[in-house]
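This briefing looks at two places in a single protein chain, beginning with the pairing of some strands and ending with the surroundings of one residue. Please keep the sequence and the structure in view while reading.

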Amino acid sequence: MPTIINPDYDAVVIGAGVTGIYQTYLLAQNGMRVLGVDAAGDVGGTWYWNRYPGCRLDTESYAYGYFALKGILPEWRWSENFAGQPEMLRDVNAAADKMDIRRFYKFNTKVVSAHYNDEGNVWGIRLDDGTELTCRYLISATGPLSASSMPDYKGLDLFKGEAFHSSRWPTDAEGKPRNIDFTGKRVGVIGTGATGVQIIPIVAETAQDLFVFQRTPNWCTPLGNSALSDEEMDLIRTRYPTILEYVKTTPTAFPYHRDNRKASQVSEEERTEFFEDLYDRPGYGIWLSGFRDLLLSKESNQFLADFVAGKIRQRVHDPKVAEKLIPVDHPFGAKRVPMETNYYEAYNKDNVHLVDIKETPIDAFVENGAKIGDQVHALDVIIFATGFDGVTGSLDRIDIRGQGGQRLIDAWAEGPSTFLGLQARGFPNFFTLVGPHNGSAFCNVGVCGALQAEWVTRMLGYMKARALTFAQPEQAAEEEWTNAVYADFARTLMADTNAWWIKVTHRPDGTVVRRTLVYVGGGPEYRKRCEEVAYNDYAGFELS
């Protein structure tokens with residue numbers, strides 16, 4: 001096959017969420033021929049797909065909203081401290097309008113395969129509408145939580161009621177989320193992660209009966225949402241530059257810094273007072289502003305876990321139910337901490353029933369509900385709040401093949417191997433935004449994803465100025481980065497949990513391999529390393 005000099009596009013960006021549309025915009029601004037592809041009908045990413053009742057940010061709106069912080073939407077006004085899904089989708093749409101980004105996108109379209117052509121140094125892309133095209137650079141912006149995870153329950157096809165995943169809420173003829181009236185209905189919610197915790201209090205308000213099928217409880221703390229007045233919003237807008245610079249200094253780009261003390265350095269009375277203050281603050285403060293050794297010291301973690309467990313016992317009237325809602329399998333903060341509004345109070349309602357499916361699993365679904373042992377829980381609606389295949393799940397569902405036909409899913413079978421979490425050796429010119437082992441997946445994506453898109457744009461600009469068209473990590477650089485990511489994670493209390501940011505592989509010989517999918521070194525350290533690489537002519541990358 002002759003060498004292909006001029007591919008159809010300079011770059012193809014997979015994804016039209018907040019990171020994807022910004023990356024597409026930046027590349028187009030820099031004179032590149034770019035195509036964006038997304039399975040959705042429009043922009044929005046997670047805010048397009050997740051339209052369930054109660055869906056909202058767990059990040060302060062003003063800190064997540066990079067398009068406003070950067071000056072793309074200077075006039076944007078948030079109505080709440082933690083914006084709901086409808087407002088978030090309006091925000092992304094407004095940004096897309098301002099950037100005039102839709103003209104670069106093919107919507108309602110999936111990337112089926114992406115194969116690297118060694119001889120031509122291009123990626124061959126096949127879309128689900130049969131289109132085949134080529135590009136020099138392939139950039140994924142598929143998001144860390146976009147590949148829905150559905151359990152394979154026996155008999156689900158027999159169920160006569162409505163059943164759907166939370167990220168695929170039923171729509172009307174115009175494609176808008178349908179307003180399901182739960183009045184008089186028997187509803188089952190499967191899962192008590194971040195999504196289930198948001199849905200459950202809403203459904204509990206009107207359902208005849210709500211059965212919460214819980215396998216593993218999570219540590220949940222109050223969101224503390226409130227409306228933003230015009231005066232408060234005016235003040236926030238004047239502080240946008242300061243807000244952006246501040247969040248860039250924090251480990252996860254949230255507006256919080258950890259306390260410099262260790263929990264063991266203060267008295268019990270002082271700890272309790274500190275925890276009470278954190279618990280009453282809106283947002284992730286209790287997770288991200290606590291003692292600095294929260295995720296490093298079992299003793300420190302237990303202090304906070306005991307405090308939060310006490311709060312659960314206070315808020316849930318039935319002692320037996322309260323105990324079932326208190327995690328015993330993971331430390332506080334070792335998994336994502338769902339932010340809740342009246343979640344625990346929902347279990348005080350007579351129509352809400354907690355069903356422990358770890359103790360007695362669901363055997364099967366039948367026409368009228370879920371069968372557990374000898375009992376059938378009659379249901380009219382089943383909502384699967386069962387989460388996602390985190391970080392790499394969406395890439396696993398695309399047939400991505402690098403040099404010599406090597407499949408990405410095979411190369412990462414026991415965990416990703418990357419340099420800076422942006423590229424993997426053997427897959428030249430393929431960049432993974434908000435992907436495994438970079439500074440965005442375990443971060444405020446609204447900010448961290450955008451900063452990463454800016455960095456990649458600068459790298460491609462550097463290459464263009466020097467007539468370079470090939471980039472992949474050096475073997476030594478990739479090994480050093482990957483080993484450091486795994487070593488840093490292993491030192492934390494998160495290493496022994498089954499959170500979405502852990503890839504668990506069961507080998508044929510019975511051994512289990514656990515690999516982190518996220519970088520936990522903190523945003524400032526990650527960006528420092530990236531800037532060092534860039535300053536030194538992208539040291540660690542093979543460029544030609």
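Which residue in E2 does Ile-14 stand opposite? In this predicted model, the residue opposite Ile-14 is Val-37, which belongs to E2. The crossover that links the two strands is right-handed, with the chain going from E1 by way of helix H1, residues 18–29, to E2 in a β-α-β arrangement.

**Strand pairing around E1**

- Strand E1 pairs with E2, which spans residues 34–37, in the parallel sense, and 4 bridges connect the two.
- Strand E1, made up of residues 9–14, also runs parallel to strand E6, residues 132–140, and 5 bridges join this pair.
- Within the pairing of E1 and E6, Val-13 has Ile-139 of E6 as its bridge partner.

**The setting of Thr-432**

- Thr-432 lies in strand E18, which covers residues 430–432.
- Because its relative accessibility is 3%, under the 20% cut-off, Thr-432 counts as buried.
- Leaving aside residues up to four places away in sequence, Thr-432 touches several residues, among them Leu-395, Trp-412, Leu-422 and Gln-452.
- Ser-140 is also one of the residues that Thr-432 touches, and residue 140 falls at the end of the range given for strand E6, residues 132–140.
- Gly-421 is another residue in contact with Thr-432, and the side chain of Thr-432 reaches the backbone oxygen of Gly-421 at 2.9 Å.
- Thr-432 and Arg-514 are 82 residues apart along the chain, and their C-alpha atoms are separated by 21 Å.

Methods:
Residues numbered from 1 in each chain as written. Predicted model: local features only at pLDDT ≥ 70, side-chain atom pairs only at ≥ 80, totals over all residues. Heavy atoms only, no water. Pairing = 2+ DSSP bridges. Right-handed = clockwise from strand over helix to strand, strands pointing away. Buried < 20%, exposed > 50% of the residue type's maximum accessible area, 1.4 Å probe, protein only. Contact = heavy atoms within 4.5 Å. Polar contact = N/O pair within 3.5 Å; in protein donor to acceptor, adjacent residues only side chain to side chain.
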